[in-house]
Amino acid sequence: MSTLVLLTMTGLGLGALYFLVASGLSLIFGLMDVLNFAHGALLSIGAYGTWWAASGNLPGAGPGGAGFVLAVLFGTAVGTAAAVLLELAVVRPLYTRPREQVLATVGVGLAVPALLSGIWGSDAHTFPGPEALGGTFGLLGAQVPVNRLVLVGAAVVVLVALRLFLGRTRHGLVVRAGVEDRAMVTALGIDVRKAFTLVFAIGGCAAALGGALGGLYFGSVDPHQGTSLLIFAFVVVVTGGMGSVTGAAVASVVIGLVQQFANYYTAAGLGDLAVVVLLAVLLLIRPRGLTGRLA
Amino acid sequence: MSTATDTPDRTDKRPAKAPARAGRTRPLRWWPAVVLLVLVVAPFSAVPVPGVLDGPLGSAGSLQLLATCLLFGALATGYDLLLGRTGLLSFGHALYFAAGSYATNLFLLEAGLPFALATVLGLLFGIALALALGSVSLRVTGIGFSMVTLAFAQAGSILVSRNPGGITGGEEGRAAPSDLLPSSLVGIDNTANLYWIALAYLVLTLGVVHWAVRSPTGRVWEGIKENERRVEVLGLKPYGFKLTAFVVAGGLAALGGIVHLLLTGGSTPQTTTSDFTLSLLVMVVLGGSGTRWGPMVGGILYTWADHRLGDLAGSGAVADLPAVLRVPLSQPLFLLGVLFVAVVHLLPGGLARLPSRLRAASNRKETGEQ
């Protein structure tokens with residue numbers, strides 16, 4: 001029983017991490033038809049920003065308490081800024097050429113991890129975190145690490161915030177309409193390009209937050225963390241239906257749980273295999289993913 | 001009346017112009033043969049190529065680098081059969097390359113088959129894998145196809161790094177046994193033979209791609225790339241044509257994997273990763289997707305730059321620079337990534353378009369001056 005609880009919580013924590021990356025990825029793809037290969041790089045930037053700040057380089061920030069919150073905020077802000085910069089400088093000039101937008105993000109996705117390992121070395125760095133988040137708590141007889149709960153909490157907050165933003169605000173309406181039919185939104189005289197930058201900012205913010213909290217989950221940061229998470233985020237996006245935030249949420253929970261349980265009960269690595277096989281099978285049965293294409 | 005006066009003028013001009021044009025283009029048309037001849041005799045030469053190669057042209061180190069460049073030039077050309085000719089964005093091309101390499105290696109090591117048989121079986125395994133997985137992945141279109149190919153390749157990558165039964169060697173890969181290979185392909189003295197094999201593979205790939213693209217099937221590929229729906233309306237089923245392209249490209253990649261096995265003396269798990277496919281993508285786009293020579297040029301340049309930039313990073317000239325310049329310059333992937341973004345932005349169509357763009361620019365200048 002305790003193993004079951006621990007596996008479930010770990011799977012949910014991993015799923016939360018996937019969701020933080022995949023939600024932005026899904027919105028960007030739904031709205032712009034751009035598969036953002038640089039999204040893993042945004043996560044890495046968030047992780048390194050937080051690590052840099054929490055290691056005492058930013059005044060006021062530190063590994064514990066309010067200092068750590070400041071460090072996470074700093075990392076998230078840097079990641080968001082990087083995402084906006086990416087959209088304005090790299091993606092926007094290629095507005096009419098979606099395939100070349102994808103290629104440009106591939107280039108950025110190669111360059112950023114290389115730059116990070118150039119500055120801070122290619123080895124993993126220990127991630128500093130508050131004492132309170134390093135411990136465990138008892139749940140149904142299992143000792144569950146607290147950081148799983150932090151990740152799940154953050155993912156739920158991001159999900160609710162995204163739902164509220166998409167459902168209740170005017171900008172959210174434009175984004176939803178753009179996902180449905182971009183040409184029609186443009187024809188109605190709405191500058192959809194503002195929504196592009198907005199969606200990139202939101203996606204970058206969520207991914208960077210994922211990076212900052214992923215540092216807690218993995219206990220370390222390294223330049224290629226984001227890239228290796230990105231493939232599973234792709235799996236989540238496609239499984240959930242491209243452009244759908246709710247779909248991404250459901251899919252990330254499913255993928256995270258399947259991966260953890262298969263890895264534990266069969267052999268290490270087989271869970272990763274199961275997930276990609278799951279994706280292939282699903283796409284052949286339902287090419288549009290679990291939920292179809294709805295924001 | 002006016003036509004009568006015009007016609008003699010034209011016929012007068014034509015004979016005067018035609019020989020001049022033929023004289024100009026005929027030697028130019030044969031440049032690939034000249035380049036090929038130079039490449040074939042390169043191992044016999046000891047000409048130093050300062051800046052491009054470390055040692056003289058015929059030395060083992062230079063030949064090894066050149067052979068790797070030629071191999072990747074060929075691989076990029078084969079990959080472009082999907083990307084540039086049929087419009088299929090596959091993220092799983094590495095799988096078929098690795099399949100050729102690992103299958104041949106395992107037929108040698110585990111089954112103890114003779115070299116020639118192992119090579120043929122390795123190639124057939126790669127083709128069969130491409131046929132099986134291609135027939136499944138092509139059932140979805142667009143980005144879904146890209147994702148399924150990525151998923152299959154990732155599954156292959158995980159399988160190789162998990163090392164089932166100890167046969168793939170996990171993270172370390174598996175060295176090809178030198179006692180099981182023909183003696184003329186082993187050792188530093190025989191690098192020239194490997195170089196010629198890589199060159200032959202490049203020629204074969206260029207030939208197959210060129211021939212396939214000009215065949216009736218190639219015309220349909222072009223149609224699929226431009227507008228798949230219209231091909232369907234014309235009464236052709238794109239599925240079979242796309243599968244043909246996928247299997248041909250997969251077979252060429254598997255053959256490339258075998259050449260890579262010989263060239264590097266083993267199979268490494270790096271060749272199974274999605275990064276490997278992405279680097280092929282970068283090569284193709286860098287050189288010019290959908291052109292005859294572009295992918296080859298891109299592959300050769302990328303491989304060469306990857307090697308040379310690594311040397312540059314270790315050199316004293318870079319170590320003495322201030323940190324702002326030293327850090328980016330010491331990362332070949334950073335430079336290649338930035339270069340790639342620059343090419344996508346500033347040079348649509350890749351390097352292959354550069355001459356025609358320069359010509360157009362100079363033409364504009366001339367007419368502007370007039």
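In this predicted model, 36 residues of chain B are in contact (heavy atoms within 4.5 Å) with 38 residues of chain A. The model scores ipTM 0.77 and pTM 0.82. Local features need pLDDT of at least 70 and side-chain atom pairs count only at pLDDT 80 or more, while totals for chains, interfaces and linings use all residues. Residues are numbered from 1 along each chain as its sequence is written, chains are lettered from A in the order in which they are written, and side-chain values use heavy atoms, with hydrogens and water left out.

**Interface of chains A and B**

- About 3,200 Å² is buried between chain B and chain A; this is the accessible area (1.4 Å probe) that the two parts lose on being put together, summed over both.
- Carbon and sulfur atoms give 82% of that buried area.
- On the chain B side, B:Met147, B:Arg162 and B:His345 lose the most area to chain A, together 16% of what that side buries.
- The rule finds zero salt bridges across the interface (a side-chain nitrogen of Lys or Arg within 4 Å of a carboxyl oxygen of Asp or Glu).
- One residue pair is in polar contact between the chains, both at pLDDT 80 or more; such a contact is a pair of N or O atoms within 3.5 Å, where within protein one must be able to donate a hydrogen and the other to accept it, and residues adjacent in sequence count only if both atoms are side-chain atoms.

**Elements on the chain B side**

- Two or more residues each come from α6 (143–162), α11 (274–287), α14 (323–329) and α15 (332–346) of chain B; helices are DSSP runs (H or I, at least four residues), numbered from the N terminus.
- α6(B) gives the most, with twelve residues.

**Confidence**

- Chain A averages a pLDDT (the predictor's confidence in each residue, from 0 to 100) of 81, and 94% of its residues score at least 70.
- Among the elements of chain A, helix α5 (residues 131–134) has the lowest mean pLDDT, 67, and helix α3 (residues 65–91) the highest, 86.
- Chain B also averages 81, with 88% of its residues scoring at least 70.
- Confidence in chain B is lowest in helix α1 (residues 2–29), at a mean of 48, and highest in helix α10 (residues 238–264), at 92.
- Over residues 1–23 of chain B, pLDDT stays under 50, and the model has one contact beyond four places in sequence for them.
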